[in-house]
Amino acid sequence: MKPLRVVAIVPAAGYGKRLRAGKKKPFVLLGGKPLLSYALKTLEASKEISGIIVACERPCVKRLRDIAKRFRIHKLIDVVVGGRTRFESVRNCMRKIGASFDIVLIHDAARPFVDKKTIAQAIKTAAKFGACIVAVPESDTVKSADSSCFIEDTLDRNKIFRAQTPQAFTYRIIKEAYSVSKGNNITDDAGLIEKDHRVKIIEGSYKNLKITTREDLKIAEALL
Ligand code: CTP
Ligand code: MG
């Protein structure tokens, strides 16, 4: 059987308002290296992946190419200018991808601790079911509340997962989703298709945290 051709998309065009680091989140230093270099290095080292496309803000394109050079990201195909939302940034990357790829794997620059095994498993599962996300089971008790913060209900924790990235899809499924959707209120890629298509969840690791706040950055430094 022909090996799968897999391309990775890395949205890195967010500012990181909640991090309040005084500079753009993908370039914030973690262990002395730019945050986004961690995910790029793991994608580079994943043998299943043959190309990487990164979205960043227009003024950062050069800086991103320099980082790719410094960390020897030879699989970098392109750096594209992102949009106002994550959806728009991924969509701009999707426009660069043709049908020569079988699988598209999308991974946030803000998750430095993704590992090769998880990437490989997400790709394999997407090839089998068409769509796959990495997630962790919820460990807290989860409440829903009204707009005044009074509890409405306790959700069944056994049915709750915290979605992470990577998320992987066959080219056909994700290409169509990004071509037709306007991406309203979408914060992950599976959100575009989960109403129409079965999406398999595979269990990831709590270590694959997303750097969102200063506390996350401190935790990440401790995990290095
Ligand atoms: N992202 C992007 N383009 C945007 C917004 C977000 O490519 N317009 C990327 C971020 O760079 C990040 C990922 O999507 O890698 C997840 O987004 P999030 O963690 O929310 O990062 P930011 O949007 O940068 O952070 P904040 O919401 O706190 O501003
Ligand atoms: Mg954001």
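**Entry 1: a surface patch**

I began with the positive surface patch, which is formed by Lys124, Lys128, Arg198 and Lys200. I note here that the model is a predicted one. I then looked up one member of the patch, Lys128, and found that Lys128 lies in helix α4. Its relative accessibility is 66%, so I entered Lys128 as exposed.

**Entry 2: salt bridges**

How many salt bridges does a search of the whole structure find? I recorded 9 salt bridges for the whole structure.

I took the pair Lys62 and Asp66 to begin with. Their side chains form a salt bridge, with 2.9 Å from N to O. Both residues belong to helix α2, which covers residues 61-70, and because they are 4 residues apart, about one helical turn separates them. I also looked up how open each partner is. Lys62 has a relative accessible area of 58% and is exposed, while Asp66, at 34% relative accessibility, is partly exposed.

I next turned to Arg86 and its salt bridge with Asp108, where the N to O distance is 2.9 Å. This pair links distant parts of the chain: Arg86 is in helix α3 (residues 86-94), Asp108 is in the loop between β6 (103-106) and α4 (116-129), and the two are 22 residues apart. Asp108 is buried, as its relative accessibility is 11%.

Arg86 also meets the side chain of Asp189 in a salt bridge, at 2.9 Å from N to O. Asp189 sits in the loop between α5 (171-180) and β11 (200-203), so its pairing with Arg86 of helix α3 ties together parts that lie 103 residues apart in sequence. For Asp189 I noted a relative accessibility of 0%, which counts as buried.

I closed this entry with a network of salt bridges that links Arg65, Asp78 and Lys96.

**Entry 3: helix α3**

Since Arg86 lies in helix α3, I examined this helix further. Is α3 mostly covered or mostly open? I found α3 mostly covered, with 7 of its 9 residues buried. The buried residues are Phe87, Glu88, Ser89, Val90, Asn92, Cys93 and Met94. Which elements do the buried residues of α3 pack against? I listed the strands β1 (6-11), β4 (49-56), β5 (76-81) and β6, together with helix α5.

**Entry 4: Asn208 and Gln164**

I placed Asn208 in the loop between β11 and α6 (214-223). Although Asn208 belongs to a loop, its relative accessibility is 4%, and Asn208 is therefore buried. Setting aside neighbours within four places in sequence, I found Asn208 in contact with His107, Arg111, Phe113, Val114, Gln164, Thr165 and Pro166.

Gln164 appears in that list, and I looked it up in turn. Gln164 is part of strand β10, residues 161-170. With a relative accessible area of 6%, Gln164 is buried. What does Gln164 touch, if residues up to four places away in sequence are not counted? I recorded Arg111, Val134, Ala135, Val136, Gly204, Ser205 and Asn208.

Arg111 thus stands in the contact list of Asn208 and in that of Gln164. I looked up the separation of Gln164 and Arg111 as well: they are 53 residues apart in sequence, and their C-alpha atoms are 8.6 Å apart in space.

Notes
Residues numbered from 1 in each chain as written. Chains lettered and ligands numbered in written order. Predicted model: local features only at pLDDT ≥ 70, side-chain atom pairs only at ≥ 80, totals over all residues. Heavy atoms only, no water. Salt bridge = Lys/Arg side-chain N within 4 Å of Asp/Glu carboxyl O. Buried < 20%, exposed > 50% of the residue type's maximum accessible area, 1.4 Å probe, protein only. Patch = residues over 30% accessible without salt bridge, like charges linked within 9 Å, V, L, I, M, F, W, Y side chains within 5 Å. Areas by Shrake-Rupley, 256 points an atom, 1.4 Å probe, with all protein chains shown as cover. Lys, Arg positive; Asp, Glu negative; His and termini not counted. Charge placed at Lys NZ, Arg CZ, Asp CG, Glu CD. Contact = heavy atoms within 4.5 Å.
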